[in-house]
Amino acid sequence: MKVIGITGGVGAGKSAVLDFLQNQCGAYVVKADEVGHKVMEPGQKCYDEIIRLFGEKIVKDDKSIDRKAISDVVFSETEKLAALNAIVHPTVRQYIMETMNRKLEEGCSLFIVESAILLEVNYQEFCDFVWYIYTNPKVRAERLQQSRGYSLKKIEEIIANQPSDEYYRSHTDYVIDNSNDFESTSEQIRRGLEL
């Protein structure tokens, strides 16, 4: 089984690449962010610990955790962010590893792990290759304005807080330029799978 890690900044179009890998190439795709949400649901591994950390005020009427309330707190309290990451990241990693092992036993040939912070949490340790999805900043800004309604100021702040293009390029094995039409991107994906 080939394991490919996929990373890149917000607005790079990672979702389109993942959809193509899943639907056209038969890949099994795990998105770390979605796993992070899953492990915070009632009855899941991180639920009680997160409530202990932030208090009952983050619990919504339906007993789910109010992620916006958490993000408001961790935005200004870095020690709370570190504590949250210490709860969630190891659980997400364990979930991914267990899923990967199960898929290997099932005969899966292509397993994809996507994470915006893949390099920071060292997922490259269990990937055969790490791909960086690059998109020029102007195109990223346009996509984020259209898809999420972000202002240019918010987009600039988000991009400024993410690793640089140079960082991604120096820590990954393969770069896909997703700035143009998707036909060009899909050709690069197919080339990458032949590595």
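Where is Glu183 found? Glu183 sits in helix 9. This is a predicted model, and the report below walks through its pockets, one helix, a buried serine and a few single residues.

## The largest pocket

Start with the empty space. Rolling a probe the size of a water molecule over the atoms shows where such space is left. The largest pocket has a volume of about 2,100 Å³. Its lining is made up of 48 residues. Nearest the centre of this pocket lie Asp33, His37, Ala116, Ile117 and Gln162.

Which helices each supply at least two residues of this lining? They are helix 1 (14-25), helix 2 (32-38), helix 4 (67-76), helix 5 (78-105), helix 6 (137-148) and helix 7 (152-160). Helix 5 gives the most, with seven residues. Sorted by class, the lining holds 21 nonpolar, 15 polar and 12 charged residues.

## The second largest pocket

The second largest pocket contains about 160 Å³ of space. Among the residues that line it are Gln22, Tyr28, Lys31, Glu34, Tyr95 and Thr99. Strand 2 (28-31), helix 2 and helix 5 are the elements that give two or more residues to this lining. Strand 2 provides the largest share, four residues. By class, the lining of the second largest pocket divides into five nonpolar, two polar and three charged residues.

## Helix 6

Helix 6 has 12 residues. From its first C-alpha to its last, helix 6 reaches 16 Å, close to the 16 Å expected at 1.5 Å a residue. Which residues of helix 6 are buried? Val139, Arg140, Ala141 and Leu144 are. These buried residues pack against helix 7.

Now look at the two ends. At the start of helix 6, a side-chain oxygen of Asn136 comes to within 3.1 Å of the backbone nitrogen of Lys138. Just after helix 6, Gly149 takes a positive phi of about 70°.

## Ser179 and its partners

Ser179 belongs to the loop between strand 5 (174-177) and helix 9 (182-193). Is Ser179 buried or exposed? Its relative accessible area is 12%, under the 20% cut-off, so Ser179 is buried.

The side chain of Ser179 has polar partners. It makes a polar contact with the side chain of Asp177, at 2.6 Å. A polar atom of the Ser179 side chain also lies 2.9 Å from the backbone nitrogen of Asn136. That is the Asn136 whose side-chain oxygen reaches towards Lys138 at the start of helix 6. Neighbours within four places in sequence aside, Ser179 is in contact with Tyr134, Thr135, Asn136 and Val139. Val139 is one of the buried residues of helix 6.

## Helix 9 and helix 4

Back to helix 9. Glu183 has 57% relative accessibility, over the 50% cut-off, so Glu183 counts as exposed. The C-alpha atoms of Glu183 and Lys154 are separated by 30 Å, and these two residues are 29 residues apart along the chain.

Gln188 also lies in helix 9. At 10% relative accessibility, Gln188 counts as buried. Setting aside neighbours within four places in sequence, Gln188 is in contact with Tyr174, Val175, Ile176 and Asp177. Asp177 is also the residue whose side chain meets that of Ser179.

Ile70 has its place in helix 4. With 4% relative accessibility, Ile70 counts as buried. Beyond its neighbours within four places in sequence, Ile70 is in contact with Met40, Ile50, Phe54, Ile58, Ile65 and Leu84. How far is Ile70 from Glu187 in space, C-alpha to C-alpha? The distance is 40 Å, and the pair is 117 residues apart in sequence.

## Two residues with positive phi

Most residues other than glycine have a negative phi. The table lists two residues that have a positive phi although neither is a glycine.

| Residue | Phi | Loop between | Relative accessibility |
|---|---|---|---|
| Lys63 | about 75° | helix 3 (47-54) and helix 4 | 54%, exposed |
| Asn122 | about 65° | strand 3 (110-114) and strand 4 (129-134) | 32%, partly exposed |

Why does Asn122 count as partly exposed? Its relative accessibility of 32% falls between the cut-offs of 20% and 50%. Lys63, at 54%, is over 50% and so is exposed.

Methods. Residues are numbered from 1 along each chain as its sequence is written. This is a predicted model: local features need pLDDT of at least 70, side-chain atom pairs count only at pLDDT 80 or more; totals for chains, interfaces and linings use all residues. Side-chain values use heavy atoms; hydrogens and water are left out. On a 1 Å grid over the protein atoms alone, a cavity is a set of points where a 1.4 Å probe fits but cannot get out, and a pocket is an open set with protein on both sides within 12 Å along at least five of seven lines; lining residues have an atom within 4 Å of a point. Grid points are joined across faces, edges and corners, and a volume is the space filled by probe spheres set on the points. Ala, Val, Leu, Ile, Met, Phe, Trp, Tyr, Cys and Pro count as nonpolar, Asp, Glu, Lys and Arg as charged, and the others, Gly among them, as polar. Buried means under 20% relative accessible area, exposed over 50%, partly exposed in between (1.4 Å probe, protein chains only). A polar contact is a pair of N or O atoms within 3.5 Å; within protein, one must be able to donate a hydrogen and the other to accept it, and residues adjacent in sequence count only if both atoms are side-chain atoms. Contact means heavy atoms within 4.5 Å. The expected span of a helix is 1.5 Å times one less than its number of residues.
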